[in-house]
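Please report on the ligand site, a buried loop residue and a helix pair in this predicted model.

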Amino acid sequence: MISAEKIPNNVNLSGNKRLQRALEHWQPKYIQWWRDMGPQGFQDYHQVYVRTAISVDPEGWAHFEYVKLPEYRWGIFLADPVHDRRIGFGDFLGQPVWQEVPGEFRNQLRRLIVTQGDTEPASVEQQRLLGQRCPSLYDLRNLFQVNVEEGRHLWAMVYLLHSYFGRDGRDEAEELLERQSGNRDKPRILEAFNEPIDNWLDFFMFTMFTDRDGKSQLMSLSESSLDPLSRTTRFMLTEEAHHMFVGETGIARILERTCQLMKQAGFSGDVRKLGGIDIPTIQKHLNLWFSLSLDLHGSEVSSNAASYFANGLKGRAKEDTFDEHVAKDSFYRMEFFEDGKPVTKEILMRNAMNEVLRDWYVGDCAAGVVRWNRILEQHGLSERLRLPDRKFHRGIGMYSGFHFDPNGVPLTSEQWEQRRHDWLPSTADAEYLLSIMAEPIYEPGKFANYIAPPRRGINQLPIDFQYVRTEA
Ligand code: BYC
């Protein structure tokens, strides 16, 4: 059960006074950050119907209540320990997992935890203006549910930094509140977390594709030999699933509405004239967030990834489904791009671990796109959405610095400049989206014209429930 202390937790925080004091010292700084950088305009007078974990077992999840956002009970929740858990991969395979950080891996582990931690507040910052353009109260509530949970994920990483990394960890925890998404001087660490998200199409694509990178990275960290990291990330995964639900169903509802409007427009007509979002615009945003999220998996060939795996710090997603867990003498067939041509080479499996995780990720995304396409099919449309080639629009790894179209065909810089807005959102697209989202919809049960209502409400409540209410 989670304790009802100042910082809710299931780690017996009150049994470690030093740690408790350190985290209680960080807590007001976090709240200040939330007030300054969290959802703008929804700090003081709104109550939001959110789900809060009261224990880490499945029933503990069903607790819903109205809260003012800055009063959400952020805390520290770890999944239950697994009895006699053993290291599942790498050079220490079969040894007992670690309850403390081994000195020789301290820097690497800190770096992984800080990188993970940095993404969480970043996403809240990216999304802070969306409430003022929401398509419905239902969506507004989902946005805030995602935001408070990203805040909690920051708490999860800060707990690890404070508990296991001494003074350096405390300094890193402070810096997590100092870097800012999109800030020129102090940006967030990973590029996708510095991109603006100021319209709801971007938000749904982000929660579909970028949160799914969160899923793949958390799955690989949940394999870690550092048991507290594994337990923390295991619990975070349960929260992550809801974020992807928001993204996938958000786009599904936009597609549904687009199909209705296309029918109304006589199929050949322009959906934008009816205030909807046309399929080419949806595809461009898909291209953007999928390619940015591919970058989040790091370089194709990475000695960092090899040593994370060798040292047992970061495994593969679902490590136990692989036949072999040492991966010392095995190879991965990877496509390189040399002198303008693709060439396949075998590289050491350990050096390809980022690519192995990316393979898992691409498969998971592709399954989601198949589900979206069913909607187009059901409406009798011939258009389909698709994932662009992995080489398209890459900023990290061996394809960065080159240009490819969504089919993976190489382009010159001039060709790319001429055509990039056929494949990626243009300023005109952004302006159009903002124009149809200019007026927020705060009336229960009402939805913006560009999106269909969901099939059902939250927690078995009706769709027209007042998911966010204003204090009198
Ligand atoms: N942007 O050897 P490489 C989430 C840097 S999302 C900028 O390929 P590595 C969430 C890299 O730091 C999941 N820089 O990298 C979702 C390195 O720099 P140095 C977040 C980048 O270490 C939605 C250099 O390039 N999870 O949870 O193998 C909402 C060479 O890199 C980028 C994690 O981050 C980039 N995209 O792989 C909220 C998990 N990529 O050392 C939350 C922990 C690489 O040369 N992190 N660089 O200065 C990791 O596992 C690894 O750090 C990465 C990078 C997979 C991210």
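A polar backbone atom of Asp-295 sits 3.2 Å from a nitrogen atom of the ligand. Two side chains also make polar contacts with the ligand, each to an oxygen atom. The table sets out these contacts.

| Residue | Protein atom | Ligand atom | Distance |
|---|---|---|---|
| Asp-295 | polar backbone atom | nitrogen | 3.2 Å |
| Asn-304 | polar side-chain atom | oxygen | 3.2 Å |
| Asn-354 | polar side-chain atom | oxygen | 2.9 Å |

The ligand has 30 residues around it. Those that come nearest are Arg-111, Gln-116, Ser-299, Ser-302 and Lys-314.

Next, the loop residue. Asn-199 lies in the loop between α4 (166-178) and α5. Is Asn-199 buried or exposed? Asn-199 has a relative accessible area of 2%, so it counts as buried, the cut-off being under 20%. Its side chain reaches the backbone nitrogen of Asp-202 at 2.8 Å. Beyond its sequence neighbours up to four places away, Asn-199 touches Leu-130, His-285, Leu-433, Leu-434 and Met-437.

Now the helix pair. Helix α5 spans residues 200-221, and helix α9 spans residues 353-378. Their axes come within 10 Å and cross at roughly 145°. The crossing of α5 past α9 is right-handed. On the α5 side, the contact includes Met-205, Met-208, Phe-209, Arg-212 and Asp-213. From α9, Leu-357, Trp-360, Tyr-361, Asp-364, Cys-365, Gly-368 and Trp-372 take part. By class, this contact has nine nonpolar, five polar and four charged residues.

Methods. Residues numbered from 1 in each chain as written. Predicted model: local features only at pLDDT ≥ 70, side-chain atom pairs only at ≥ 80, totals over all residues. Heavy atoms only, no water. Axes fitted to C-alpha atoms, helices over the stretch in contact; angles between N-to-C directions. Helix = DSSP H or I, 4+ residues; strand = E, 2+ residues; numbered from the N terminus. Left-handed = near helix turned anticlockwise from the far one by under 90°. Contact = heavy atoms within 4.5 Å. Nonpolar A, V, L, I, M, F, W, Y, C, P; charged D, E, K, R; others polar. Buried < 20%, exposed > 50% of the residue type's maximum accessible area, 1.4 Å probe, protein only. Polar contact = N/O pair within 3.5 Å; in protein donor to acceptor, adjacent residues only side chain to side chain. Near = heavy atom within 4 Å.
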